[in-house]
Amino acid sequence: MIKAAALAQADYLTAKPEVVRKELGQYFTGSSIADYMASMLEPVSAPTVRILDAGAGAGILTIAAAMRYLALGNNCVHAVLYEIDQDTLSHLELNMRRVAKAFKEQGGSFTFEIRHEDFVLARPDRKEERFHASSINPPYFKYSSKTSPYASATPDLYKGNPNIYASFMAVVAACMTDDGQMIVIVPRSFTNGLYFKGFRRYLNRAMSLEKIHIFRARNQVFRESAVLQENIICSYRKAQQGTSISISTSTGHHDLSQTETNHYPARQLIDTTNAHEIIRIPETVEDAKILAGVEHWPSSFQDNGYFISTGPVVEHRTREFITAPDNIKNSIPLLRMHNIKTLKTEWTGTNKKDARFLLLNCHEKHTSNNLPYVILKRFSSKDEKRRLVAGVHNPEVIKGEIIALENHLNYIGHNDGPLKQDEIYGLALLFNSTLIDKYFRCISGNTQVNATEIRLLKLPARDTIRKIGKTYKSNSSFPQEQIDMIIERFLEI
Ligand SMILES: C[S@@+](CC[C@H](N)C(=O)[O-])C[C@H]1O[C@@H](n2cnc3c(N)ncnc32)[C@H](O)[C@@H]1O
């Protein structure tokens, strides 16, 4: 049955151009993932199980969910399926008929209703429609907060309009009966970050997060569609947040039968100590131990009085200011990503990516005071070992009143004035440690390092940071093992 559905889906995928599928956020789920998601569904006590499929495609998730219920002894199922794309409807209809036949053969009953409508705008929750289960792979794309109808479709549920997948999750959550289950495969991006703050607040109150499944390899899940998002599967229940959340991991879809599962206290994963309510995801037991240990540190980035700002030089908007490295007149070095190395900042003028910044009229808008800073790269490539790379900028080395920092960098200083050498190196050693890198990965799955998440980091007290910094001897090279040894010596986890 499921194999047949996958076939109808495969025919469709080859017939439809990638650009059109992208516009509809159309990335179909493979049968192993659909079955895995369905395996999280538990028996329902009602005589008829009502399933909601939002963005049904060829219906693979409903097929897997319905067959799961049949296996669990719930042999009366009704499915409501929303799909906006006319071209998929015949496949969907055909596949649903096949499910009905399979149910009939086993003495059960499967009925369905396909709605050729926009799910988010239809808002079935407002019509008091309720469902026991929903297994969804919603479309994902950002929409315009000014012109898109989605921007004003869900303000009663949450504030902010980040991405269509959040709108789908919010409406599905609102459609669940008490104790109803929502299983979703979605990008990890909603678990942290400013854009999803309002959505997280809503979701954390509306639903209880029971389980998260993470895929270690990003490119494994929707391979045929070249999706490089980091996707997770979440199992939610319409109830007050429970006390425990389980996390399972696999490399991709091929090893879903050998997942490793661990259980953690919910308060360790959902951080309710501030308004951001970030959902932290430790990949291993060791990461969870780090997360729990760091939470006991006595201070935080903000409590220590540090600030973090993003480099103001946006190169495509300041082309006329950017000049060759040998054009020294009326210019200063421009610090770019490649100039930032572990514990140092290197601008020699000899690297082919080196550039200078001309001090033309209005340059003040793009330059910063030349003070000692820890400079963090904002981006890492997905395969790079480290997320956090922190260089130290010393104004005695790159001299002058002002400095030009490119937009792919974040710089850290102190609100009360210039940081002293010990504290600068203490902070940079911490940010370059494996410990903080792992802690940060629990907080953010993104290869982008956002200032918002750095601001929320727990940190040791300033005094401890200074002691760590005292161990730094200039001109000596500091391999990773040595950095980690120093951090371990001062900060026990
Ligand atoms: C990521 S695909 C998933 C399809 C299917 N559920 C699966 O798992 O293979 C999302 C589906 O949602 C449909 N879709 C996109 N926007 C929609 C909307 N506003 N309302 C209903 N369906 C929509 C797309 O056409 C696509 O079939």
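**Exercise 1.** Does N330 count as buried or exposed, and how many C-beta neighbours does N330 have inside 10 Å?

Solution. This is a predicted model. Start with the place of N330: the loop between β12 (322–323) and β13 (331–335). Next, take the neighbours. N330 has 11 C-beta neighbours inside 10 Å. The cut-off for exposed is 12 or fewer. N330 therefore counts as exposed. Now look at the backbone. Phi of N330 is near 50 degrees, a positive value in a residue other than glycine. Most residues other than glycine have a negative phi.

**Exercise 2.** Place C362 in the chain, then classify its exposure and its phi.

Solution. C362 sits in the loop between β16 (355–358) and β17 (367–369). Within 10 Å there are 9 other C-beta atoms, so C362 is exposed. Phi of C362 is near 70 degrees, which is positive in a residue other than glycine.

**Exercise 3.** Find A292, state its exposure, and relate it to Y236.

Solution. A292 belongs to helix α10 (residues 285–294). A292 has 14 other C-beta atoms within 10 Å. Exposed needs 12 or fewer, and buried needs 20 or more. A292 is therefore partly exposed. Now turn to Y236. In sequence, A292 and Y236 are 56 residues apart. In space, they are 23 Å apart, C-alpha to C-alpha.

**Exercise 4.** Describe the two domains and where they touch.

Solution. First, the division: domain 1 (2–281) and domain 2 (306–490). Second, the spacing: their C-alpha centres lie 40 Å apart. Third, the contacts: 13 residues of domain 1 meet 10 residues of domain 2. Last, the character of the side of domain 1 that touches domain 2. Three of its residues are nonpolar, six are polar and four are charged.

**Exercise 5.** Explain why the largest nonpolar core lies between the domains.

Solution. Begin with the members. The largest nonpolar core has 130 residues. M37, A66 and V374 touch the most other members. Helix α7 (residues 164–175) gives the largest share of this core, 11 residues. Then check the domains. Domain 1 (2–281) and domain 2 (306–490) both supply residues, so the core lies between them. Now focus on M37. Leave aside its neighbours within four places in sequence. M37 is then in contact with L61, A64, S135, I183, I185 and I233.

**Exercise 6.** Which residues of helix α8 (residues 197–206) are buried, and what do the buried residues of α8 pack against?

Solution. In α8, K197, F199, R200, Y202 and L203 are buried. The partner of these buried residues is α7. An α-helix has 3.6 residues a turn, so residues three or four places apart point the same way.

**Exercise 7.** Describe the surroundings of the ligand.

Solution. Count the shell: 21 residues surround the ligand. The closest are F28, T29, G55, G57 and N137. Sort the shell by type: 11 nonpolar, seven polar and three charged. Then look at the helices. α4 (60–72) and α6 (119–122) each give at least two residues to the shell.

**Exercise 8.** Judge the confidence of the model, and locate a stretch with pLDDT below 50.

Solution. The average pLDDT of the protein is 92. At least 70 is the score of 93% of the residues. Residues 223–227 have a pLDDT below 50. Beyond near neighbours in sequence, this stretch has five contacts in the model.

Note on methods:
Residues numbered from 1 in each chain as written. Predicted model: local features only at pLDDT ≥ 70, side-chain atom pairs only at ≥ 80, totals over all residues. Near = placed C-beta within 6 Å. Helix = DSSP H or I, 4+ residues; strand = E, 2+ residues; numbered from the N terminus. Nonpolar A, V, L, I, M, F, W, Y, C, P; charged D, E, K, R; others polar. Core = buried A, V, L, I, M, F, W, Y, C linked by C-beta atoms within 7 Å. Domains from an automatic or database assignment. Contact = placed C-beta atoms within 7 Å. pLDDT = per-residue confidence, 0-100.
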